[in-house]
Amino acid sequence: MSAPFEQMFQLAMPWWAFVFRACVVYFILLGMIRLSGKRTMGQFTPFDMLLVVLLGNAVQNALLGEDTSVGGGLLLAATLITLNWLVGLVSARSPRVERWVEGAPVLLARDGQVYRDVLRRELISREDFEKAMREAGCLDMADIRLAVLENNGHITLVTRQDPRTDVDAT
């Protein structure tokens, strides 16, 4: 084999160092993303896509160190995919872990009263809330029976006229 071909697969550090680095970066980024709130990941804007690209670039050296080998990159990719799968598996089996990873739904409004302090805390602008109202066919705040910020960042609105929630008393 030629020297350039051999160098392409030669790791610059032990295999376990790649796995360790991937674990550290994965869990620190997971924590940072969770702390940034549901809205960060819920609605992907061009700004959010830019953030993802820049995050990937920012942590590249933390993951690879001085290594530029194909093997190192594939080992990191396999480790990150495995970590993601394991976090999903543990989340599915443990409500406590699921709450930490996914978060919990947050009540934004009930019976026409919008909790503005909750909107501020969850970084939801008035425009975002009004857009969710329009998407639900709700024209007036008084028509809101329930508004919830879901784990995925989507705002779910149930209106007073929603046929799924109105019960016929006859």
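Student: Why is Leu-123 called exposed?

Tutor: Its relative accessible area is 61%. The cut-offs are under 20% for buried, over 50% for exposed and partly exposed in between, with a 1.4 Å probe and protein chains only. Leu-123 is above the upper limit, so exposed is the right word.

Student: What are the ground rules for these values?

Tutor: This is a predicted model, where local features need pLDDT of at least 70, side-chain atom pairs count only at pLDDT 80 or more, and totals for chains, interfaces and linings use all residues. Residues are numbered from 1 along each chain as its sequence is written, and side-chain values use heavy atoms, with hydrogens and water left out.

Student: What makes the phi of Leu-123 worth a remark?

Tutor: Most residues other than glycine have a negative phi. Leu-123 is not a glycine, yet its phi is positive, about 60°. It sits in the loop between helix H7 (116-121) and helix H8 (126-135). Helices here are DSSP runs of H or I with at least four residues, strands are E runs of at least two, and numbering starts at the N terminus.

Student: Why does Asp-111 count as partly exposed?

Tutor: Its relative accessibility is 47%. That falls between the two limits, so partly exposed follows. Asp-111 also has a positive phi, about 50°. Its loop joins strand E1 (106-110) to strand E2 (113-114).

Student: How do you know that Tyr-26 and Phe-27 are edge-to-face?

Tutor: Rings of Phe, Tyr and Trp (its six-membered ring) pair if their centres lie within 6.5 Å; planes under 30 degrees apart are stacked, over 60 edge-to-face, the rest tilted. By this rule there is one aromatic pair. Its centres are 5.2 Å apart and its planes stand at 85°, so Tyr-26 and Phe-27 are edge-to-face. Tyr-26 is buried at 14%, whereas Phe-27 is partly exposed at 40%.

Student: What makes E2 and E4 edge strands?

Tutor: Strands pair if DSSP finds at least two bridges between them. Four strands form an open antiparallel sheet, in the order E2-E1-E3-E4. E2 and E4 (155-159) each have a single partner strand, so one side of each lacks a neighbour in the sheet.

Student: Why do E1 and E3 count as paired?

Tutor: Four bridges join E1 to E3 (residues 144-149). The rule needs at least two, so they pair. Ala-109 stands opposite Ala-147 in E3.

Student: How many disulfides are there?

Tutor: Zero, in a search of the whole structure. The test is a pair of cysteine sulfur atoms within 2.5 Å. Cys-138 is buried at 3%, while Cys-23 is partly exposed at 23%.
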